[in-house]
Structures are given as C-alpha cells and as structure tokens.
Amino acid sequence: MFLLATVCFVLRFTGSSLAAFEVSVLQQRVLAVRGRPVVLGCSYAPSLGSSLEFLVVTWQKAEDNLVLHSFYHGQDQLDKQNARYRNRTSMFRPLLGAGNASLRLDRVGPQDSGRYLCSVDSLLGNGKAEVQLEYAGETTSCPRTADSQVQPGRAFYTEPKLNIQVHPSNISLQYQSEGYPAPQVQWIDSVGRNLTAREELSGPGEDGLLSLRTSVTLKDPGPGVNLSFTLRNAALGQVLERPVCLSLAPCDPVNGTRVTIPVICVLCLLCLVLAAILCVQRKRIGRQRG
C-alpha cells in the first residue's frame, strides 16, 4: 500500500512539472536589416542539474517546416539543416543549459521574412513558441557593430527623387525611391483630396531593395498648384512627406521642392540675349582690329 501511494505521488508530481513547462520568445516580432545578423530569442524552463544530453532544440520556418538548426545528443545536428541556412545559424552553447534556446541568423535577406518556431524538449516537458521575422532593406550607412540592433530613425527608403515634365496641357510629377518592404504611397492636393497616381514597384534586386516609381499628371494646373507626397512604411514606422509647390508666386514649402516654371523660362531667355550681345561685340572688335 505504501509503495502504491509513493508511485501515485511521483506521478502527480511529474504531471504538475510537465504542466509548468513553458517555451517563450523574448519578442514576438523581430526586425532584421539587410546583410546583418539577427537574434531570434527563445527561452524555456531549465531542468536543474540535467545534462544537455537530454535536451532537444529545433528551429523551423513555420510556413514550410524547413529546419534552420537542430540540437540534440549534446551537440548541433547540422546535417538536418536546410541548405538555405547553411553556415548562417548558431546557438549560444554556454547558455543552453540555463534555458536560453535563442538562435542567431547571419546575412539576413528578404527570403528570410516569415514566422519561425522554436521547439524545446527536455526532462521537464516540451513546448514551442513562434516569432515573426520582418526584413528591412536599410539604405543608410550609419556606424554600427556586427551585433547591434536596429536603431530608431534609420531610413528604410532612400530620399525620394523628384522629376518634373512640363507639357502644353499638363504637368507630370514623378518620385523615385528604393527600400524594403513595399510602402504605402499617397498624393494629396491642397484641400486634402487623394489624387489618382500611377505606382510601379519592381524587385527586389541583388541588393535586396525594391524600386518604387510613382507619378501624378495634373491637367490644366493653372497659375499655381500645391501638393503633398507621402511614403509610409507602416510596418517599420517610417514616414517620408515631401510638399511640392508649382507656382509663379513666392513659395517656401518645408523640406519640399520649389519649382517656378515661368521664371525658369525668363532666365533662359535672358541667357540667350546676353550670349547674342557678347557675340555681336566680339565680331565688332574683330572687324576693328582687322
């Protein structure tokens, strides 16, 4: 009877330990930057005094079950690793026994975006947790160390370049930029109305960046037009807003672009007149010398 009671006690104790076992991620959403390493954080309840021989850790991509990294029998099992991640993953071996099952992924590219599963099996139980990896094509060259994380204020799209084409009956405005991932683009007139715009998104190229071209055509623009162009990367919290002013009157948009088309034409005409005067004077001086 005493032996039976002891067995029942052990079973109840083991069952409560299994229920308490938990695997968790440090961040449910992790932002990675092109070409740099990222750490997918994962932790579990360690078993005191247990050996790594009884620990199994597996990292997989949730969408297609591709294996990034496996650890069991006390060592990395890289022969189970998908070729896409070869020589790009590592675990923090000294911290594994303390409950740190995090994975470092090197040379991150756009193909690495997605959901990842951290699965842990130990003497106390088993479990899994999920982390979302989002990729950004950083376009700045700010100083950083190999292991530094993304800092607020970094640009994930280049400064938009404005191109203006003037026609007899309309004006075409085009902005070009590069970055990642796909942004939200908006053109707004002076009274807050959305303008119909063309948008072309191509890539990513070899550098992992998408190329954006967006344009609006203004028919019969009149003496003056005020527009606002906005590029918004909601996932990364980046917003670029550039006012554009096309007017004969003085215009001073903040961080925007001033273009006064009639004044440009007048300046060109003055240059032609001055060139003609200089040419006539040179001919007269040549005749006097001759």
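# Exercises on a predicted 290-residue model

In this protein, residues 24 or more positions apart account for 54% of the contacts with a separation of 6 or more. Contact means heavy atoms within 4.5 Å. The model is predicted: local features need pLDDT of at least 70, side-chain atom pairs count only at pLDDT 80 or more, and totals for chains, interfaces and linings use all residues. Residues are numbered from 1 along each chain as its sequence is written, and side-chain values use heavy atoms, with hydrogens and water left out.

## Exercise 1. Take stock of the whole chain

Task: State how many helices and strands the protein has, and what share of its residues is buried.

Solution.
- Step 1. Count the elements. The protein has three helices and 19 strands. Helices (H or I, at least four residues) and strands (E, at least two) are DSSP runs, numbered from the N terminus.
- Step 2. Find the buried share. Of the 290 residues, 35% are buried. Buried means under 20% relative accessible area, exposed over 50%, and partly exposed in between (1.4 Å probe, protein chains only).
- Step 3. Add the surface. About 17,500 Å² is exposed, with 55% of it supplied by carbon and sulfur atoms. These areas come from the Shrake-Rupley method with a 1.4 Å probe; for residues, only the protein chains shown count as cover.

## Exercise 2. Trace the six-strand sheet

Task: Give the strand order of the open sheet of six strands, then explain why one side of strand 2 and of strand 7 lacks a neighbour.

Solution.
- Step 1. Read the order. The strands run 2-11-10-5-6-7, and the pairing is mixed. Two strands pair if DSSP finds at least two bridges between them.
- Step 2. Look at the edges. Strand 2 (29–33) and strand 7 (75–76) each have a single partner strand, so one side of each has no neighbour in the sheet.
- Step 3. Find a parallel pair. Strand 2 and strand 11 (residues 125–136) run parallel, joined by five bridges. Here Val 33 has Ala 136 as its bridge partner.
- Step 4. Move to strand 5 (residues 56–61). Six bridges tie strand 5 to strand 10 (residues 114–122), and the two run antiparallel. Thr 58 faces Ser 119 of strand 10 as its opposite residue.
- Step 5. Check the other partner. Strand 5 is also antiparallel to strand 6 (residues 67–72), through four bridges. Trp 59 stands opposite His 69.
- Step 6. Inspect the turn. Strands 5 and 6 form a hairpin with five residues between them, and Asn 65 in the turn has a positive phi of about 60°.

## Exercise 3. Find the core

Task: Which residues have the most contacts inside the largest nonpolar core?

Solution.
- Step 1. Apply the rule. A nonpolar core is a set of buried Ala, Val, Leu, Ile, Met, Phe, Trp, Tyr and Cys residues joined through side-chain atoms within 4.5 Å.
- Step 2. Name the leaders. The largest core has 46 residues, and Val 57, Trp 59 and Val 120 have the most contacts inside it.
- Step 3. List neighbours of Val 120. Leaving aside residues within four places in sequence, its contacts include Phe 21, Val 23, Tyr 44, Leu 55 and Val 57.
- Step 4. Set this in context. In soluble globular proteins, nonpolar side chains tend to be buried together.

## Exercise 4. Examine the disulfide

Task: Which cysteines form a disulfide, and why is the disulfide of Cys 42 and Cys 118 left-handed?

Solution.
- Step 1. Apply the cut-off. A disulfide is a pair of cysteine sulfur atoms within 2.5 Å. One is found by this rule.
- Step 2. Identify the pair. Cys 42 and Cys 118 have sulfur atoms 2.1 Å apart.
- Step 3. Assign the hand. The torsion about their S-S bond is about -80°, so the disulfide is left-handed.
- Step 4. Place the link. Cys 42 is in strand 4 (residues 42–44) and Cys 118 in strand 10, 76 residues apart, so named as distant parts of the chain.
- Step 5. Check burial. Cys 42 and Cys 118 are both buried.

## Exercise 5. Compare two positions

Task: Decide whether Ser 215 and Gln 186 are buried, partly exposed or exposed.

Solution.
- Step 1. Take Ser 215, in strand 16 (residues 210–219). Its relative accessibility is 14%, so Ser 215 is buried.
- Step 2. Take Gln 186, in strand 14 (residues 184–189). Its relative accessible area is 28%, so Gln 186 is partly exposed.
- Step 3. Add a long-range pair. The C-alpha atoms of Gln 186 and Phe 229 are 6.0 Å apart, with their positions 43 residues apart along the chain.
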